[in-house]
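Colleague: Before I rely on the labels attached to this model, I would like to hear how each of them was reached. Could you take me through the reasoning, value by value?

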Amino acid sequence: MAKRDTSFICQSCGAAYTRWQGKCEACGAWNTLAEEVAVVASVPAAQRSGRKGRSVALETLQGTATPAPRMVCGIGELDRVAGGGFVPGSVLLIGGDPGIGKSTLLVQASAALAASGQRVIYVSGEEAVDQVRLRAQRLGLEQAPVSLAAETNAENIIATLSGGPPVHMVVIDSIQTMWSDSVESAPGTVTQVRTSAQLLVRYAKQTGACVILVGHVTKDGQIAGPRVVEHMVDAVFSFEGDGGHQFRILRAQKNRFGPTDEIGVFEMTGRGLSEVANPSELFLSNRDAGAPGTAVFAGMEGTRPVLVEIQALVAPSSLGTPRRAVVGWDPNRLSMVLAVLDARCGVRLGGHDVYLNVAGGLRIGEPAADLAVAAALVSSLTGAPLPADAVYFGEASLTGAVRQVAQAAARLKEAAKLGFARAVLPSGGLDGVDAQVSLQSVGSLAELVAAIAACAPRRPAMRDSRGGGEREQRPRAVEHTEWADDEAG
């Protein structure tokens with residue numbers, strides 16, 4: 001006989017409770033507990049404890065490690081993020097907002113692999129077969145030998161995959177729609193997602209097929225459900241993008257067979273997703289080089305240098321607490337840069353609203369952007385436009401010093417390739433580097449502020465009430481700094 005075991009599982013973190021309650025004590029989420037019933041075989045305790053385990057063979061760390069073989073799909077940006085191609089027997093999880101292009105990208109990858117002679121099966125749990133065919137027709141891939149199926153039962157899918165010739169790649173769209181006969185709960189619950197993922201992972205490891213799972217995301221952009229599925233798979237990719245921009249970014253958050261700091265850039269067109277070979281040209285297109293408050297940052301995404309435009313707007317605030325709005329950068333990092341400018345450089349921004357934006361929708365996580373952000377902020381405050389042919393990179397410390405960053409040579413090479421003539425960077429660390437651009441080293445943020453303020457336009461002269469003469473007005477937020485007094489003297 002089998003007995004029914006009822007529990008309440010949090011759909012956000014996976015915590016289990018014996019009774020329902022409004023708030024999950026583990027993660028603090030409200031109304032996330034769902035009742036799940038599991039069928040447990042009633043086996044006597046004597047029989048369960050009488051089985052002995054078998055010993056396994058132990059090996060040493062010594063031995064010849066062969067590199068994992070790769071299946072190259074031909075989409076360069078996707079292969080780059082995967083580490084050079086898909087590894088047989090691996091399981092990948094791809095998440096992204098609805099309509100971002102996950103299914104489009106996987107249909108293109110499936111068609112490319114199938115055209116190269118690999119057996120590819122695309123299983124859709126959300127769409128019918130005719131809907132997948134219509135997408136393939138829009139992309140011009142209807143002739144690709146990809147096998148399609150519309151099924152949500154995990155046991156049926158594995159039986160279908162195991163019954164024919166060897167399968168090289170399987171796409172499951174999506175894992176939240178899968179369900180298993182072994183548990184009694186609705187599809188999409190924590191138990192069903194975990195059980196279905198375990199069955200597919202076991203199939204991949206036993207047969208050597210590459211399994212790609214599509215995962216739903218929450219409103220915060222995180223993959224829905226507990227992170228147990230992310231721990232089970234070999235790689236986790238995040239497909240990012242903004243509805244106001246045509247390009248999409250594929251970013252690796254976890255990868256057991258490759259780097260986790262690579263990105264792939266795609267552009268959404270009428271024929272699907274096309275690769276962007278040079279993302280810097282895309283991010284710098286249509287920029288206003290003569291406007292104050294804009295600086296070009298030479299960043300690194302993995303092994304690829306990427307140049308993006310940092311835009312800043314500093315405006316007087318009528319509020320008691322000025323606004324700090326950030327898009328594409330860490331808000332805490334912006335607060336630190338503002339504090340350093342105030343305490344170490346005398347730049348008073350406490351009465352100003354600050355708006356910061358990374359043009360193009362790219363999200364930057366590098367501390368090396370501190371110097372470019374500081375330059376854009378000071379440029380917007382003083383009204384002095386930065387040189388249009390200059391790039392900036394460097395990390396700011398709490399003491400006001402500018403620290404060196406890694407891979408400076410690659411950043412300078414990319415800047416020279418795009419026609420930039422100068423670079424503002426930290427002092428030192430460039431011995432032996434054959435730079436093709438003019439270098440301007442700064443040791444502290446105070447030096448950068450002084451250089452920008454020296455080029456600021458002067459306000460009309462006003463009569464000095466103290467001496468009766470006339471004097472020039474400087475920006476009020478920076479007129480009391482030491483370097484301003486030195487310049488005036």
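Modeller: What follows goes through salt bridges, burial and backbone geometry in a model that is predicted.

Colleague: What makes the contact between Glu-240 and Arg-251 a salt bridge?

Modeller: The side chains of Glu-240 and Arg-251 meet with N to O at 3.4 Å, and because the cut-off asks for a side-chain nitrogen of Lys or Arg within 4 Å of a carboxyl oxygen of Asp or Glu, the pair counts as a salt bridge. Glu-240 belongs to strand 9 (residues 235-241) and Arg-251 to strand 10 (residues 247-255), so the pair ties together parts that are 11 residues apart in sequence. Glu-240 and Arg-251 are also linked with Glu-301 and Arg-363 in a network of salt bridges.

Colleague: Why is Glu-240 called buried, and why is Arg-251 called buried?

Modeller: Buried means under 20% relative accessible area; Glu-240 has 18% and is therefore buried, while Arg-251, with 12%, is buried as well.

Colleague: How do you know that Asp-370 and Arg-333 form a salt bridge, and which parts of the chain does the pair link?

Modeller: The N to O distance between their side chains is 2.6 Å, which satisfies the requirement of being within 4 Å. The pair links distant parts of the chain, with Asp-370 in helix 10 (residues 370-382) and Arg-333 in helix 9 (residues 331-345), 37 residues apart, and both Asp-370 and Arg-333 are buried.

Colleague: Lys-417 and Glu-414 form a salt bridge too; is Lys-417 buried or exposed, and is Glu-414 buried or exposed?

Modeller: The closest N and O atoms of Lys-417 and Glu-414 are 3.2 Å apart, and both residues lie in helix 11, three residues apart, about one turn of the helix. Exposed means over 50%, so Lys-417, at 56% relative accessibility, counts as exposed, whereas Glu-414, at 7%, counts as buried.

Colleague: Why is Gln-407 called partly exposed, and what is notable about its phi?

Modeller: The partly exposed class lies between the limits of 20% and 50%, and Gln-407 is placed there because its relative accessible area is 42%. Its phi is positive, about 55°, although Gln-407 is not a glycine, and the residue is found in the loop between strand 19 (402-403) and helix 11 (408-417).

Colleague: What makes Asn-31 exposed?

Modeller: Asn-31 has a relative accessible area of 61%, and since exposed means over 50%, the label follows for Asn-31. Asn-31 sits in the loop between strand 2 (16-17) and strand 3 (33-41), and its phi is near 55°, a positive value in a residue other than glycine.

Conventions
Residues are numbered from 1 along each chain as its sequence is written. This is a predicted model: local features need pLDDT of at least 70, side-chain atom pairs count only at pLDDT 80 or more; totals for chains, interfaces and linings use all residues. Side-chain values use heavy atoms; hydrogens and water are left out. Helices (H or I, at least four residues) and strands (E, at least two) are DSSP runs, numbered from the N terminus. Buried means under 20% relative accessible area, exposed over 50%, partly exposed in between (1.4 Å probe, protein chains only).
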